[in-house]
Amino acid sequence: KTCFTQFDKKCEQLPRENCTVIPIHQSQVKCMNVKDKLCHMKSDDDKYCPQNTVTVCNTLQQTQVEETRTEKCVEIDVLQEYKHEEVVEDVTCKFSLDLICHDSYTQTTCHQKPTENCHKTPRKVRLMKHRTERKKVCGQVTVSEEKVIPEPVCRDVKVRSCKGNVKKDEKCTVQEREICLTVKSEDLEVECGPVQITECVAQQSHQCLQEKKEKCEMLKRTKTEMVCEEGNYSEISYL
């Protein structure tokens with residue numbers, strides 16, 4: 001018989017987890033407290049004081065959102081497919097019976113001797129494998145920054161003042177208030193989920209084929225016969 005030991009590629013679907021990076025858009029309301037400076041002019045009640053026109057300014061705090069594009073990076077676990085080469089040995093073995101014969105003067109005797117002859121054939125098997133690698137993924141995102149900018153708001157008013165310096169009649173107070181605004185921004189988010197991958201291994205298989213063979217040998221036999229002639233006899237041996 002002849003037996004074969006071979007390596008075959010066996011593949012199967014396996015569940016794994018894989019991560020990707022997706023951009024997300026965010027919108028949120030941010031509030032802050034600001035302090036405004038409110039000013040007014042004090043006017044004299046004496047109608048005989050000269051009337052002057054002066055400029056009075058309030059300082060109001062205004063908010064401003066500045067958007068900039070910047071690069072952001074995150075690290076994720078990514079499934080990477082790679083080719084893996086594995087050295088295997090295919091083995092072919094032939095099992096048989098040899099007929100061993102010995103000649104003697106009178107006959108030939110034979111017996112069977114089992115034999116085994118194996119041959120190994122190395123070869124490379126290329127398999128698809130997967131491994132998890134830590135990878136840095138970068139992308140452009142929008143970053144918003146809130147700024148408070150003081151803005152003067154002026155007006156002209158008429159006041160009566162008997163003093164030489166009208167500005168001395170200016171009175172200011174600080175008033176606190178809350179400002180809310182909607183801020184939009186972008187970010188990178190890691191999203192992981194199940195995936196199906198194809199994983200292959202080199203699997204050993206064994207198979208035998210039975211062969212029916214006959215081997216013949218010419219055997220030597222010596223035969224002896226007695227021959228009688230008119231009272232005499234003799235022995236004759238022949239093959």
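Biologist: In which sense do strand β2 (residues 51-103) and β3 pair, and over how many bridges?

Modeller: Strands of a sheet pair through backbone hydrogen bonds, either parallel or antiparallel. Here β2 and β3 run antiparallel to one another, and 53 bridges join them. Two strands are taken to pair if DSSP finds at least two bridges between them. One bridge partnership can be followed by eye: Thr-53 is matched with Lys-158 in β3. Please note that the model is predicted, with pLDDT of at least 70 needed for local features and 80 or more for side-chain atom pairs, while totals for chains, interfaces and linings use all residues. Numbering starts from 1 along each chain as its sequence is written, and side-chain values rest on heavy atoms, without hydrogens and water.

Biologist: What is the order of the strands in the open sheet, and which are its edge strands?

Modeller: The sheet holds 4 strands in the order β3-β2-β1-β4, and the pairing is antiparallel. Its edge strands are β3 (108-160) and β4 (170-209), each of which pairs on one side only. From one strand to the next the twist averages 5°, where axes are lines fitted to C-alpha atoms, for helices over the stretch in contact, and angles run from 0 to 180 degrees between N-to-C directions.

Biologist: How many helices and strands does the whole protein contain?

Modeller: The protein has 0 helices and 6 strands, giving the pattern β-β-β-β-β-β along the sequence. These elements are DSSP runs numbered from the N terminus: H or I of at least four residues for a helix, E of at least two for a strand. Of the contacts between residues at least 6 apart in sequence, 86% join residues at least 24 apart; a contact requires heavy atoms within 4.5 Å.

Biologist: What share of the residues is buried, and how much surface is accessible?

Modeller: Buried residues account for 20% of the 239 in the protein. Buried means under 20% relative accessible area, exposed means over 50%, and partly exposed lies in between (1.4 Å probe, protein chains only). The accessible surface is about 18,200 Å², with 47% of that area belonging to carbon and sulfur atoms; the Shrake-Rupley method with a 1.4 Å probe supplies the areas, and for residues only the protein chains shown count as cover.

Biologist: How many disulfides are there, and where does the one formed by Cys-3 and Cys-208 lie?

Modeller: A disulfide is a covalent bond between the sulfur atoms of two cysteines. Counting pairs of cysteine sulfur atoms within 2.5 Å, one finds 8 disulfides. Cys-3 and Cys-208 form one of them, with the sulfur atoms 2.0 Å apart. Because Cys-3 belongs to strand β1 (residues 2-41) and Cys-208 to strand β4, this pair ties together parts 205 residues apart in sequence. The S-S torsion is about 105°, so this disulfide is right-handed. Cys-3 is buried at 5% relative accessibility, whereas Cys-208, at 35%, is partly exposed.

Biologist: Which strands does the disulfide of Cys-11 and Cys-200 link?

Modeller: Cys-11 is joined to Cys-200 with an S to S distance of 1.9 Å. The link runs from Cys-11 in strand β1 to Cys-200 in strand β4, 189 residues apart. Cys-11 is partly exposed at 39%, and Cys-200 is buried at 4%.

Biologist: What is the handedness of the disulfide between Cys-93 and Cys-118?

Modeller: The torsion about its S-S bond is about 115°, so the disulfide of Cys-93 and Cys-118 is right-handed. Cys-93 lies in strand β2 and Cys-118 in strand β3, so the pair ties together parts that are 25 residues apart in sequence. Cys-93 is buried, with a relative accessible area of 10%, and Cys-118 is partly exposed at 37%.
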